[in-house]
Amino acid sequence: MLNKSSIAVFNPQNPLEVVVQNICHAIKGRWTTMGETLGLIESLVAYDGLYDDFLAHPESVLRQRFSDTD
């Protein structure tokens with residue numbers, strides 16, 4: 001019997017989620033899950049000033065975030 005696995009694809013409609021997912025894909029070479037995307041956004045909003053920096057320079061902020069966690 002063939003055992004199939006299904007994968008849920010996260011296709012965000014919120015523009016901020018789209019930006020985060022596209023940048024993460026460019027940096028990491030894979031698409032982020034909904035939980036990863038929302039977690040990154042929550043972490044950006046949690047720090048004073050970081051969200052403003054993200055809006056001004058989203059790719060550099062996410063690159064820095066990934067280099068801190070790798």
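Where does Thr32 lie? Thr32 is in the loop between H1 and H2. The model discussed here is predicted. Its protein chain holds 4 helices and 0 strands, and the order of elements from the N terminus is α-α-α-α. Of the 70 residues in the protein chain, 24% are buried.

**The loop residue Thr32**

- Thr32 has a relative accessibility of 7% and therefore counts as buried, the cut-off being under 20%.
- Through its side chain, Thr32 makes a polar contact with the side chain of Thr37, at 2.5 Å.
- Residues up to four places away in sequence aside, Thr32 touches Phe10, Gln21, Cys24 and Thr37.
- Two of these partners, Gln21 and Thr37, also take part in the meeting of H1 with H2, Gln21 from H1 and Thr37 from H2.

**How H1 and H2 pack**

- The angle between H1 and H2 is about 105 degrees, and their axes are 10 Å apart.
- H1 is therefore roughly perpendicular to H2, as angles of 65 to 115 degrees are classed that way.
- On the H1 side, the residues that meet H2 are Leu16, Glu17, Val20, Gln21 and Cys24.
- On the H2 side, their counterparts are Thr37, Leu38, Leu40 and Ile41.
- By type, the residues of this contact between H1 and H2 comprise 6 nonpolar, 2 polar and 1 charged.

**The nonpolar core**

- The largest nonpolar core consists of 10 residues: Val20, Ile23, Cys24, Leu40, Ile41, Leu44, Phe54, Val61, Leu62 and Phe66.
- At least two residues of this core come from each of helix H1 (15-28), helix H2 (34-46) and helix H4 (58-69).
- Val20 and Cys24 of H1, together with Leu40 and Ile41 of H2, belong to this core and are also among the residues through which H1 and H2 meet.
- Val61, a member of the core, is in contact with Leu44, Leu50, Asp53 and Phe54 when its neighbours within four places in sequence are left aside.
- Among those partners of Val61, Leu44 and Phe54 are core members as well.

**Ile23 and its distant partners**

- Ile23 is part of helix H1 and one of the residues of the largest nonpolar core.
- With a relative accessible area of 11%, Ile23 is buried, because this value falls under 20%.
- Neighbours within four places in sequence excluded, Ile23 contacts Pro58, Glu59 and Leu62.
- Ile23 and Leu62 are 39 residues apart along the chain, while their C-alpha atoms are separated by 7.5 Å.
- Across the protein chain, 41% of the contacts between residues at least 6 apart in sequence join residues at least 24 apart.

**Gln13, ahead of H1**

- Gln13 is located in the segment before H1.
- What is the relative accessibility of Gln13, and is the residue buried or exposed? The value is 65%, so Gln13 counts as exposed, the cut-off being over 50%.
- A polar atom of the Gln13 side chain lies 3.0 Å from the backbone oxygen of Asn11.

Note on methods: Residues numbered from 1 in each chain as written. Predicted model: local features only at pLDDT ≥ 70, side-chain atom pairs only at ≥ 80, totals over all residues. Heavy atoms only, no water. Core = buried A, V, L, I, M, F, W, Y, C linked by side-chain atoms within 4.5 Å. Buried < 20%, exposed > 50% of the residue type's maximum accessible area, 1.4 Å probe, protein only. Contact = heavy atoms within 4.5 Å. Axes fitted to C-alpha atoms, helices over the stretch in contact; angles between N-to-C directions. Parallel < 35°, antiparallel > 145°, perpendicular 65-115°, else oblique. Nonpolar A, V, L, I, M, F, W, Y, C, P; charged D, E, K, R; others polar. Polar contact = N/O pair within 3.5 Å; in protein donor to acceptor, adjacent residues only side chain to side chain.
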